[in-house]
Amino acid sequence: MGAVAGGFRGFATYFKGIMGADAYTKYLEHHNASGHADAPMTEREFWRDRTDRQDSNPQGRCC
């Protein structure tokens, strides 16, 4: 049963990556690795900024 659960977790992680659900985590990792002096955006600020940038510069997407 452990292999099934591990496979499901792997699929869930992969699916989140495709859908962009892990974007904030990646942003935090990049922010910390880049050595920025200022505090990172909150998760709410991050998603608002991302949505605003996508709306002002639409690229290929389904909707």
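These legends describe views of a predicted model.

**View 1. The whole protein is built from helices, with three helices and zero strands.**
Read along the sequence, the pattern is α-α-α. The C-alpha trace spans about 45 × 35 × 20 Å along its principal axes. The radius of gyration is 15 Å, whereas a compact globule of 63 residues would have one near 11 Å.

**View 2. The surface of the protein exposes about 5,400 Å².**
Carbon and sulfur atoms supply 58% of that area. Of the 63 residues, 10% count as buried. The charged side chains number 8 positive and 8 negative. The centres of these two sets lie 7 Å apart.

**View 3. Helix H1 covers residues 2-19.**
How far apart are the end C-alpha atoms of H1? They are 26 Å apart. At 1.5 Å a residue, the 18 residues of H1 should span 26 Å, so the two values agree. Is H1 largely covered or largely in the open? The number of buried residues among its 18 is zero, so H1 lies largely in the open.

**View 4. Gly-20 sits just after H1.**
Gly-20 takes a positive phi of about 85°. Gly-20 is also one of the residues that Trp-47 touches. The next views turn to single side chains in the other helices.

**View 5. His-31 belongs to helix H2, which runs over residues 23-34.**
Is His-31 buried or exposed? His-31 has a relative accessible area of 7%. Buried means under 20%, so His-31 counts as buried. Which residues does His-31 contact, leaving aside neighbours within four places in sequence? The contacts are His-36, Asp-38, Ala-39 and Pro-40.

**View 6. Trp-47 belongs to helix H3, which runs over residues 43-56.**
The relative accessibility of Trp-47 is 28%. Partly exposed covers values between the 20% and 50% limits, so Trp-47 falls in that class. Not counting residues up to four places away in sequence, Trp-47 touches Gly-20, Ala-21, Ala-23 and Tyr-24.

**View 7. Trp-47 and Ala-23 are 24 residues apart along the chain.**
What separates their C-alpha atoms in space? The separation is 8.9 Å. Ala-23 is among the residues that Trp-47 touches. Trp-47 lies in H3, and residue 23 begins the range of H2.

Technical notes:
Residues numbered from 1 in each chain as written. Predicted model: local features only at pLDDT ≥ 70, side-chain atom pairs only at ≥ 80, totals over all residues. Heavy atoms only, no water. Helix = DSSP H or I, 4+ residues; strand = E, 2+ residues; numbered from the N terminus. Rg over C-alpha atoms; globule rule 2.2 N^0.38 Å. Buried < 20%, exposed > 50% of the residue type's maximum accessible area, 1.4 Å probe, protein only. Areas by Shrake-Rupley, 256 points an atom, 1.4 Å probe, with all protein chains shown as cover. Lys, Arg positive; Asp, Glu negative; His and termini not counted. Charge placed at Lys NZ, Arg CZ, Asp CG, Glu CD. Contact = heavy atoms within 4.5 Å. Expected span 1.5 Å × (residues − 1).
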